[in-house]
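Visitor: Could you take me through one part of this protein up close? I'd like to look at the big sheet and whatever packs around it.

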Amino acid sequence: MEQKVVTKVWTVDNIVENAVEKIQSCTQIVDAARLLRDRAVVAFPTETVYGLGANALSNEAVEKIFAAKGRPSDNPLIVHIAKKEQLSTVASEIPEKAEKLMDAFWPGPLTIILPRTDEVASLVTAGLDSVGVRMPDHPIALALIAEAGVPIAAPSANRSGRPSPTTAAHVLADLDGRVAGIVDGGATGVGLESTVIDVTVEPPVILRPGGITREEMEAVIGPVALDPSFQAGATETPRAPGMKYTHYAPEGEMWLVAGEAKRVWDKMAAMLREAKQHGRKTGVLATEETFEAWRAHPDADVVLSVGSRSDLGEVAHQLYAVLRDFDAHHVQFIVGETFSREGLGMAVMNRLEKAAGGRIEQA
């Protein structure tokens, strides 16, 4: 029988005005940090999505993350730190290019794969000799990690395979009764998980695209390669979160349609018509540019916009919330537009392809 716990929710207000040191001393953070030291799991906001944290040095604690999420144990976790001095606890070596990336992008949405120390719990790294580390750019996250006094392993705070949570309400919907607590700091900013780059190889390799783009990193350290497995899916043990298994998926069947705009419209319309003929409730993942036209389409039951094509930051910020909204409307069949893979578009398309389980039609 599945064990249930009472999930406590703490709300931390005025985080923009408050310094990290001030937040660290507030009762909510002190209580949440105590639970982390006691090997419980606690969800908290970062600048990307909400994370589900546990003491990264304890297999007992980390095991509770996998249990709460229903996550495969061969999928490694990212370790979060509050200051660079904590690196020596989790990383045995800091290559020069890693130092440059940290100086340029930390705190921020960049996870760097480094050689691990023996102090890191084996469950964190899925048995690998490397570990992903990042310093989040969120005052609540930094305050909580600092107050806990240990590095915190934290994947996204959702049930495995579901869209990542960008609000505390999303976390509660997925994990109520499965985690000890949730620190509610409001909606997150970036909306997509961090970029993951492996600097243990030359040239460094992007294992997952995210808020820091390939172009931005190349401006700092030179050539950066792409690991094809983050798009195609890997059969080997993944070296970073999101490289294996379907992720970010709504409950309904989802398809993407790529190609020239008019042909995309016609193909999506045909797919919606067929789904309606089979009695399925339909949805369209639209953009601001096509939203009104799709809303007028007779075969589109639910039409949701992820934002304008001219603002991929907005698209990234809204994507997971929109995918969850389709579930709230009980949509059974979803068709969606695709985006350019330039810059942040690479991360957006990576998440969309994962959400659709690789189902892409060429118009």
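**The sheet and its surroundings**

Guide: Happy to. Keep in mind that this is a predicted model. Overall, the protein has 14 helices and 16 strands. With 363 residues, a compact globule would have a radius of gyration near 21 Å, and the protein's 20 Å agrees with that. The C-alpha trace spans about 55 × 50 × 40 Å along its principal axes, and 57% of the residues count as buried. Of the contacts with a separation of 6 or more, 68% are between residues 24 or more positions apart.

Now to the sheet. It's an open one built from 11 strands, and reading across, the order is β1-β8-β2-β3-β7-β4-β6-β5-β9-β10-β11, with mixed pairing. At the edges you'll find β1 (8–11) and β11 (225–226); each has a single partner strand, so one side of each has no neighbour in the sheet. At the β11 end, strand β10 (residues 205–208) runs parallel to β11 and is joined to it by two bridges. Look for isoleucine 206, whose bridge partner in β11 is leucine 226.

Move along to β2 and β3. These two make a hairpin with four residues between them, pairing antiparallel over four bridges. One spot to click on is phenylalanine 44, which has glycine 51 in β3 as its bridge partner. On to the next pairing: β3 and β7 also run antiparallel, joined by two bridges, and here alanine 54 stands opposite alanine 153 in β7. How many of the six residues of β3 are buried? Six of the six, so β3 is largely enclosed by the rest of the structure.

What covers the sheet around there? Helix α2 (residues 27–37) packs on it, touching β1, β2 (42–45), β3 (50–55), β7 (152–153) and β8 (181–184). The direction of α2 makes about 140 degrees with that of β1. Helix α8 (residues 168–175) lies across β1, β2, β3 and β8, and runs at about 165 degrees to β8.

Then there's helix α7 (residues 139–148), which is mostly covered, with seven of its 10 residues buried. The buried ones are Ile140, Ala141, Leu142, Ala143, Leu144, Ile145 and Ala148. What do they pack against? The buried residues of α7 meet strands β2, β4 (78–80), β7 and β8, along with helices α1 (20–24) and α2. Just after α7 comes glycine 149, and its phi is positive, near 80 degrees.

One last stop, away from the sheet strands we've been following: a search of the whole structure finds one aromatic pair. The partners are tryptophan 265 and tryptophan 294; their ring centres are 3.8 Å apart and their planes at 25 degrees, and planes under 30 degrees apart count as stacked, so this pair is stacked. Tryptophan 265 sits in helix α11 (residues 261–277) and tryptophan 294 in helix α12 (residues 291–295), so the pair ties together parts that are 29 residues apart in sequence. As for cover, tryptophan 294 is buried at 1% relative accessibility, whereas tryptophan 265 is partly exposed at 26%.

Terms used. Residues numbered from 1 in each chain as written. Predicted model: local features only at pLDDT ≥ 70, side-chain atom pairs only at ≥ 80, totals over all residues. Heavy atoms only, no water. Pairing = 2+ DSSP bridges. Contact = heavy atoms within 4.5 Å. Axes fitted to C-alpha atoms, helices over the stretch in contact; angles between N-to-C directions. Rg over C-alpha atoms; globule rule 2.2 N^0.38 Å. Buried < 20%, exposed > 50% of the residue type's maximum accessible area, 1.4 Å probe, protein only. Phe/Tyr/Trp six-rings, centres within 6.5 Å; stacked < 30°, edge-to-face > 60°.
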